[in-house]
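Here are my notes on this model. They start at the nucleic acid and then turn to helix packing.

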Protein chains: 2
Amino acid sequence: MVTHSKVEAILEELEQADTLDGLQSAIVMLRDLYHVDHMIYHWVDSAGDHYGCGTYPIEWAQHYTEQNYQRVDPVVIGCYQRFHPVDWKRLDWSSKAARAFLVDAMNFGVGNQGFSVPIRGPNGQFALFTVNHTCSDEEWSALTNEHRRDLILIGHYFNQKALEFETDRAPEQAQSLSPREVDAMTLLAIGYSRAQVANTLSISEHTLRVYIESARFKLGALNTTHAVARAISRGLIVV
Amino acid sequence: MVTHSKVEAILEELEQADTLDGLQSAIVMLRDLYHVDHMIYHWVDSAGDHYGCGTYPIEWAQHYTEQNYQRVDPVVIGCYQRFHPVDWKRLDWSSKAARAFLVDAMNFGVGNQGFSVPIRGPNGQFALFTVNHTCSDEEWSALTNEHRRDLILIGHYFNQKALEFETDRAPEQAQSLSPREVDAMTLLAIGYSRAQVANTLSISEHTLRVYIESARFKLGALNTTHAVARAISRGLIVV
DNA sequence: TTGATACTCCCCCGATATGGGGAGGGAACA
DNA sequence: TGTTCCCTCCCCATATCGGGGGAGTATCAA
């Protein structure tokens, strides 16, 4: 049983943490406090830079990365489309790749029950805070119902800390797009060709190119598709 | 003073709510419970469709919309770049437009103290949950420190409800992509050219084209950029 | 067994996008 | 009053994309 004062104390301590080691030991403490097998916090993004901490065996974490499992992991895919925390049982495990992934995970010591909190930050940052355990459905349901709100808050504070540590990675984030650039990106994102976009905006195609290049530069993108992708995931345009 | 059991009760009730009126009356209750002048929940969206409820005078809400104040509102701008809730005093009010906005707001009965929780959902959804009051800095600081976590949670549950009501805006079912198609879309989304993607996946460029075309077909996309944009906004890939 | 779905490979060619330049006017901000 | 950013327009060469063909493997499920 976890009392609210305990949760408060944990959050206070989390707020004080100023090293990555502090987060790692915090998550171990949390796991013990809630009497679960595993607790994990990690960033999700297709680029290489991962950040996370938790109690999964390192072999599994490595294997996950090597296999690029986030591409097929139903937890990642499912949470990315949701706002509320979700029990793993409610996710879509029907695909072949998903079932293979699950078998693999359990071979590495991942438990049969899971509960994950999706967390979103500025600039399209996305992270997962997950609790994992081996037990019956009934026990798990009782556990998650009781601690759901604690877990939301703890995930939130965890993410706050992680953002503070990783502040160096998003230095020129405030780069916003000009109205015309937003127009251009938006129309490209809905499938218009350059000629169509230029026509829609009633400007020459040459002018349009300037906007696209400018947006590409601001977004640090390598090409138009990349720029549109970044604009969407940073929430600069809505499609 | 607000006890945790009260917060729990509120959250429970919030979860039960099934009408917009339910949210409106909930927010009035919350305002009274926390003894503040105003409490507001609203979506922030560059497009036209607003959604929100709260206790600001309707004149102010209308005026805000008419003046397109979200473009200059330091609360919106500041929260959009932050993850943690923020006291209005810590925002940047230095611009001329911001000061004019503030004067206008206070003329409409908006209090001098504010505390806003940024909330992010899938597909770039962004909302604000705000508490507003008139009092001294010391009182306000005590109030926000005491209830910060409650407000994060309440904001979260409010948003969850709002998303449920607005579920109609995301009707299209996600036609899932094959692992290879996900690979292709993901690599394209991070700026790789067709040749680079093919090389990275160790397949011929011709094969890659088959995947891209297949994904484009499944996503109903007109070109590669469109396909990537759809894959991202439907949560099929993570960038 | 048959059918469906993924995954892999190959040809040609025209349409389109990209990247490298340069240049001028206007609004806003300090 | 100058600097900075935004909007607008232009040329050219080449890399990339998109559309049209066709064909073989493997796995899984009906």
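1. Helix H9 (205-219) of chain A, with H7 and H9 of chain B, each supply at least two residues of the surface near DNA strand C. Helices here are DSSP runs of H or I with at least four residues, numbered from the N terminus. H9(B) gives the most to this surface, with six residues.

2. On conventions: this is a predicted model, in which local features need pLDDT of at least 70 and side-chain atom pairs count only at pLDDT 80 or more, while totals for chains, interfaces and linings use all residues. Residues are numbered from 1 along each chain as its sequence is written, chains are lettered from A and ligands numbered from 1 in the order in which they are written, and side-chain values use heavy atoms, with hydrogens and water left out.

3. What surrounds DNA strand C? There are 18 residues, and the closest are Arg194(A), Arg209(A), Arg216(A), Thr224(A) and Tyr211(B). A residue is near the strand if one of its heavy atoms lies within 4 Å of it. Sugar and phosphate account for 62% of the strand C atoms that come within 4 Å of the protein.

4. By class, the surface near DNA strand C has five nonpolar, six polar and seven charged residues. Ala, Val, Leu, Ile, Met, Phe, Trp, Tyr, Cys and Pro count as nonpolar, Asp, Glu, Lys and Arg as charged, and the others, Gly among them, as polar.

5. Check the phosphate pairs. An N or O atom in the side chain of Arg216(A) is 2.4 Å from a phosphate oxygen of DNA strand C. For Thr224(A), a polar side-chain atom also lies 2.4 Å from a phosphate oxygen of the strand. In chain B, Thr207(B) places a polar side-chain atom 3.1 Å from a phosphate oxygen of strand C.

6. Next, H7 (residues 179-189) and H9 (residues 205-219) of chain B. Their axes come within 9 Å and cross at roughly 95°. That makes H7(B) roughly perpendicular to H9(B) (65 to 115 degrees). Residues in contact (heavy atoms within 4.5 Å) include Ala184(B) and Leu188(B) of H7(B), and Tyr211(B) and Ile212(B) of H9(B). The contact has seven nonpolar, one polar and three charged residues.

7. Finally, H3 (residues 58-66) and H5 (residues 96-107) of chain B pack at about 155°, with axes 10 Å apart. The two are therefore roughly antiparallel (over 145 degrees). Trp60(B), His63(B) and Tyr64(B) of H3(B) meet Phe101(B), Asp104(B) and Ala105(B) of H5(B).

How values were computed
Axes are lines fitted to C-alpha atoms, for helices over the stretch in contact, and angles run from 0 to 180 degrees between N-to-C directions. Angles under 35 degrees count as roughly parallel, over 145 as roughly antiparallel, 65 to 115 as roughly perpendicular and the rest as oblique. A polar contact is a pair of N or O atoms within 3.5 Å; within protein, one must be able to donate a hydrogen and the other to accept it, and residues adjacent in sequence count only if both atoms are side-chain atoms.
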